[in-house]
Amino acid sequence: MMSLSIASPSGATFTPKINLSKSSFHSIRIAQASPARAPSASTIRTTHSCSSLVVKMAKREEELKEIRTKTTEELLEEIVDLKGELFMLRLQRSARNEFKSSEFLRMRKRIARMLTVKRERELEEGINKRISRKLDRKWKKSIVPRPPPSLKKLQEEEAAAEAKESA
């Protein structure tokens, strides 16, 4: 139901029985009455998701503590490994093999956290952005291509299976 109220300078309001849907007259305010609704599923979902957010934040804090305890060299090695794992996931997706799609987001976020910690350390050392980018380019050129840990594990399992068959 639409109601129309016209504000006058004296403060009194006049409410005629005419209902309008739109008006370009500035002193007319159109209010639409809506019935009271029960809480929707989305509001109920947000109350449950708040507790899961706290758990996720706690896990994230633990992960950041773990990352910060590592040396920069260890971080760089793990970044290379995770990028290799991410590449393997992309290959699995393109080959339409079974994989966990949530791993993409998890790995990308872990890489981003590690790069963030690396950059924080650079800032503490006083390395500016330009020099940091130069160092990153040098580091990327120095990376020796190697198979990711998951592929190494698969190769070792296949070699062990072949050794058992031949024995």
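1. Surface first. In this predicted model, the protein exposes about 13700 Å², and carbon and sulfur atoms supply 58% of that area. Of the 167 residues, 21% count as buried.

2. Overall layout. You will find five helices and three strands here. Reading along the sequence, the strands and helices come in the pattern β-β-β-α-α-α-α-α. If you take the contacts with a separation of 6 or more, 57% of them are accounted for by residues 24 or more positions apart.

3. Helix α2. This helix covers residues 72–94, which makes 23 residues. From the first C-alpha to the last, α2 reaches 33 Å, close to the 33 Å expected at 1.5 Å a residue. Its buried residues are L75, L76, E78, I79, V80, L82, G84, E85, L86, M88 and L89. Notice that E78 and E85 are on that list; I come back to E78 below. As a reminder for reading such lists, an α-helix has 3.6 residues a turn, so residues three or four places apart point the same way.

4. Helix α3. Does the length of this helix agree or disagree with what its residue count predicts? The 24 residues of α3 (residues 102–125) should span 34 Å at 1.5 Å a residue, and the end C-alpha atoms are 35 Å apart, which agrees. The buried residues of α3 include F104, M107, I111, M114 and V117, and also charged residues, among them E103, R110, R113, K118, R121 and E122. After α3 comes G126, with a positive phi near 90°.

5. The nonpolar core. Which residues touch the most other members of the largest nonpolar core? They are I79 and M114, in a core of 15 residues. Helices α1, α2 and α3 each supply at least two residues of this core, and the largest share, seven residues, comes from α2. In soluble globular proteins, nonpolar side chains tend to be buried together.

6. M114 and its contacts. M114 is one of the buried residues of α3. Leaving aside neighbours within four places in sequence, M114 is in contact with I67, L75, E78, I79 and L82. Of these partners, L75, E78, I79 and L82 are themselves buried residues of α2. If you are looking at the model on screen, M114 is a handy place to start, since I79 and M114 touch the most other members of the core.

7. E78, a buried acidic residue. E78 lies in helix α2. With a relative accessible area of 18%, E78 is under the 20% cut-off and therefore counts as buried. Not counting residues up to four places away in sequence, E78 touches K70, R110 and M114. Its side chain makes a polar contact with the side chain of R110, at 2.9 Å. E78 also forms a salt bridge with K70, where the closest N and O atoms are 2.2 Å apart.

8. The network around E78. The salt bridges come to eleven in all. Which residues are linked in a network of salt bridges? E63, E66, K70, E78, R110 and R113 are. Within this group, E66 pairs with K70, the closest N and O atoms being 4.0 Å apart. K70 counts as buried at 18% relative accessibility, whereas E66 counts as partly exposed at 39%.

9. A bridge between α1 and α3. E120 forms a salt bridge with R68, with 3.1 Å between the closest N and O atoms. E120 lies in helix α3 and R68 in helix α1 (residues 41–69), so the pair ties together parts that are 52 residues apart in sequence. Both partners are partly exposed: E120 has a relative accessibility of 31%, and R68 has a relative accessible area of 42%.

10. One backbone detail to look at. R96 follows α2, and its place is in the loop between α2 and α3. Is R96 buried or exposed? With a relative accessible area of 76%, R96 is over the 50% cut-off and so counts as exposed. R96 has a positive phi of about 60° although it is not a glycine. For context, most residues other than glycine have a negative phi.

Technical notes
Residues numbered from 1 in each chain as written. Predicted model: local features only at pLDDT ≥ 70, side-chain atom pairs only at ≥ 80, totals over all residues. Heavy atoms only, no water. Helix = DSSP H or I, 4+ residues; strand = E, 2+ residues; numbered from the N terminus. Expected span 1.5 Å × (residues − 1). Buried < 20%, exposed > 50% of the residue type's maximum accessible area, 1.4 Å probe, protein only. Contact = heavy atoms within 4.5 Å. Areas by Shrake-Rupley, 256 points an atom, 1.4 Å probe, with all protein chains shown as cover. Polar contact = N/O pair within 3.5 Å; in protein donor to acceptor, adjacent residues only side chain to side chain. Salt bridge = Lys/Arg side-chain N within 4 Å of Asp/Glu carboxyl O. Core = buried A, V, L, I, M, F, W, Y, C linked by side-chain atoms within 4.5 Å.
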